[in-house]
Amino acid sequence: MNIVVCIKQVPDTNDVRIDPKTNTLIREGVKSIINPFDENAVEAALRLRDAGGGKVTVITMGPPQAADALKTAIAMGADEAVLISDRAFAGADTWATSYTLSQAIKKLGAYDLVLFGKQAIDGDTAQVGPGVAEFLDIPQITFAISIESEGGKIRVKRQLEDTSEIVETDLPAAVTVIKQINEPRMPSLKGQMRAKKMAIPSWSAKDIAADENNTGLNGSPTKVVRIFTPPPRGKSELLEGEPEIIAKTLFGKLKEQKVL
Amino acid sequence: MPEGIRVIAEKCKGCRLCVPSCPYGAIEMHGKLAVINDKCVLCGACVGPCKFKAIEITVTKKEGPKKDLSGFKGIWVFAEQHQGKVQGVAMELIAEARKLAADLGEEVAAVLLGDEGIKKAAQELIHYGADKVYVCSDAKLKNYTTEPYCDTIVELIKAHNPAIVLMGATTTGRDLASRIAARIRVGLTADCTGLDIDPEKKILRQTRPAFGGNIMATIISPDFRPQMATVRPKVFKKLQPDASRKGRIIELPVKISEKSLRVKLLEIIQSTEKKVNLAEAEIIVSGGRGLGCAENFKLVKDLADIIGGAVGASRATVDAGWISQFHQVGQTGKTVSPKLYIACGISGAIQHLAGMSSSDVIVAINKDQFAPIFNVATYGIVGDLFEVLPAMTKTFKELLS
Amino acid sequence: MDYLLTDEQKMIKDLARKISEEKVKPLRAELDETGQFPWELMKVFAEADLCGLYIAPEYGGFGGGCLEFCLATEEVSRICGGVGVTFAASALGCYPLVLFGTEEQKKKYLPPIASGKKLAAFGLTEANAGSDASGIETTAKKDGDYYILNGTKQWITNGGEAEIYTVIAMTDKKRGSRGATAFILEKGMPGFTFGKKENKMGIRCSATRELVFQDCKIHKSQMLGKEGMGFIVAMKTLDRTRPGIGAQAVGIAQGAFEEALNYSRTRVQFGKPVSSFQGVQHILADMATQIEAARALVIATARTVDTGTDSISRDSAMSKLFASDVSMKVTVDAVQILGGYGYMKEYPVEKYMRDAKITQIYEGTNQIQRNVIALQLIKESAATK
């Protein structure tokens, strides 16, 4: 199976903090990582390839340093990687990103399956997977917790809020995966050395025949007008004393607050 | 300086507040001047922190002919249904849509897709505040699959030109809205927690969390219609239903091609777990690693039962197999905003906070005084949960009866 | 401090750290509590290609040497000394094969160890032969084309879990220190069983068992090196693996130190973080200096080992001696800095202290190390006279 995995390099938002004094984001010391859900997608691709043969290609749209995320995927075992990078892509919202990625996938040639992580932990939108599927005019299956392939078809279990579904479709198709689908493997030493030596091609807007009206800030239907940190909660009130006293005091306060 | 952003040198005072605010590490100081390098992705996070307004995102937008968007009217709410039952989030969105409609002087319409019997559910939507309901019935729409629903709604949008389309940020809503927005090229904002109308421009301002909930962003879609948004469930409150309310139910023909049926739904599996409706719960008592083992969730459950709450869990306990993932609260679990959230033995890692920090009142019990959960708790108890929880259960039980 | 590592060495260090932080750390307290052998974790290291760092590429290894091995061992031990020694002891069991194995033996045994499919263990110590290794009583009696082993080895790390064992047994008591021979044994060979798993103070997830030989008959092709070379095999192996134990000790010390440093910055007493008190600052400074010195000594020794030179006994003994003594001192200081919290099992430092102690004892007690060093000093002095 020829599998394309779209990944994104993101700041490790689990490490991002708000400075309580200035109420702004503190990013210092926060490293750039491959989006955790995308690691699950890469792992899912590798397992399908290991089981049934084929090739795994990882692509990402981003600034030059996003190549590091591609190298992580190569170190995990992906076969090839392409960086889609151009100043024209900067500031893209999910529509422009979906367009750009789909242009790149078209240039890659024949593919059977396009995989995505459910969402990126910086944007948190979960919109690019379906967006790319629409541009490529292929069926989409989101929130996948398992993927089985058999003779040109895939059978996917989707994990929804309170139910799960089994769906099936012919390839080519696009699937977005959730964290519970697998435990991504560690990059191996041999994999890292291979990634280090690999020259990763970089495709510009021209290389993927991208219409400048559809890429980057210019091509984005949405605009960010303001970014702010949520107002800080007040200081917490510490309750002390014997457990029974604490319980009584707390009860009183909760009743006051009308939450009990 | 990369294109699209600039530092206004005269205004920059070298205070360095912008440097740590950039999530991508793209700002450096050259002496007393901030310089933005190629790592910049134009996210705009630095603009706010600069007290001197020295950073400017310069939109080099190619000005095409200004589109006439005046013909787009109406606020639509997708009435998501499962097995014929309309989901609560639709009612919540109708309530919010009413407010937006008042600001715009327009109508609220619900969009209801399902099989032949779905028309029965339309009246209820009017009682909850819709002015009209578009009903599309077809056997192929009985259960949600992407393309039949997308095709149908796209046709509706093209025929009736709504200004705004809202959907719940559920698995269905996010799956569907993304496909629609890509097809008709409109702006779609995900998982909004705030909506309002810009009084001058009469456009929708959509506010939503990003960076795992660390920041909030306000987004607009000025040039494309309809403006679409998926909205986080349980953020807005539904109205009291008014059975005397009247509205129009408009049935429309459905045309779905064979091609759109390419994803086949083979089976729907109800969760065998007793339904944990964490998302709906007003009170949640949640357990974390501090519980020590699966059996100790009983302490959490005992308190929850007394005060009529649901049981939540941190990711650590789910990963350890102490409780099923349906109880998981957090960035990779469920987002909840109950009136009362009691966190027992939960450290308060940012991923967990992302899932519950908008709760009205947060009570934290943890023996570690440095646990981050105390930074968001309204009431903090530094103590042994094995003593505090049973004491709370006993005392609350007495005082409530 | 910058040890001028190559990119590949940095890669090894970073990968070992990443796996240890992400996979070992969440499990270490439980492994310590239950004493369960970390098979799943060893599998992760194997899949990351870290189990064959010192094995040549033609046998599936990375082709590195002692330095690469020490870099990885330190990182693993920084998170958990028990997992660290499991990792390191396999190398101890494997090194005799690397140094003395025939081509056939290497082809058979090295690839599964390099790929992590099998672990190795080294069997020398006995109940009556600890520091006095020459006092071993396990015998290997020649019987035609075979040898029959009888006896019991004690306190063998990875015992019972490893598949491959290099064992030292007496083939000719009369010849004294020239009467021992090294053999390769495999788990499952008839007559080769294991004693119960020992219940230890520290490195509790590491499996420590007796090896019991009762008329265990093995083919002469299992002999490693020549008859009578047993102690030479042992000594040459230990000379090359002692820096690994030094690295384990440095890792344990480093982990404990970081916990202490972080704690001291957040713990507030008398209105100030504890790290602002000069008394605490001095302890921290001493800890950091000693750890760095130990690390530098281990790395310098590892580099010397990798030049292939034979005269490494003194350096090797020094690196193990110094690093393990530092580790003990640093971990005790770390507990002290955490005060009451340091004594509680909920905090990780008391485990570091329990784990550190063994590094002063195994692979030659620090008293034996001092003997080795002193004898070498005297020998060198005599030679220059």
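Contact is taken to mean heavy atoms within 4.5 Å, and axes are lines fitted to C-alpha atoms, for helices over the stretch in contact, with angles between N-to-C directions running from 0 to 180 degrees. Helices (H or I, at least four residues) and strands (E, at least two) are DSSP runs numbered from the N terminus. The model is predicted, so that local features need pLDDT of at least 70 and side-chain atom pairs count only at pLDDT 80 or more, whereas totals for chains, interfaces and linings use all residues. Residues are numbered from 1 along each chain as its sequence is written, chains are lettered from A and ligands numbered from 1 in the order in which they are written, and side-chain values use heavy atoms, leaving out hydrogens and water.

An open sheet of six strands, paired in parallel, follows the order β15(A)-β22(B)-β21(B)-β20(B)-β18(B)-β19(B); strands count as paired if DSSP finds at least two bridges between them. At the edges stand β15 (237–238) of chain A and β19 (310–313) of chain B, each with a single partner strand, so one side of each lacks a neighbour in the sheet. Helix α6 (residues 243–256) of chain A packs on this sheet, touching β15 of chain A as well as β20, β21 and β22 (379–382) of chain B, and its direction makes about 170° with that of β22(B). Helix α6 (residues 297–307) of chain B lies across β18 (283–287), β19 and β20 of chain B, at about 170° to β18(B).

Within the sheet, β20 (residues 340–344) of chain B pairs with β21(B) in the parallel sense over five bridges, and Tyr341(B) has Ile362(B) as its bridge partner. In β21 (residues 361–366) of chain B, six of six residues are buried, that is, under 20% relative accessible area (exposed being over 50% and partly exposed in between; 1.4 Å probe, protein chains only). Val361(B), Val363(B) and Ile365(B) cover one face, and Ile362(B), Ala364(B) and Asn366(B) the other.

In chain C, helices α3 (residues 66–79) and α7 (residues 278–306) pack at about 150°, with axes 7 Å apart. They are therefore roughly antiparallel, a term for angles over 145 degrees (under 35 is roughly parallel, 65 to 115 roughly perpendicular, the rest oblique).

The largest nonpolar core, a set of buried Ala, Val, Leu, Ile, Met, Phe, Trp, Tyr and Cys residues joined through side-chain atoms within 4.5 Å, has 116 residues. Its largest share, 13 residues, comes from helix α6 (residues 230–266) of chain C.
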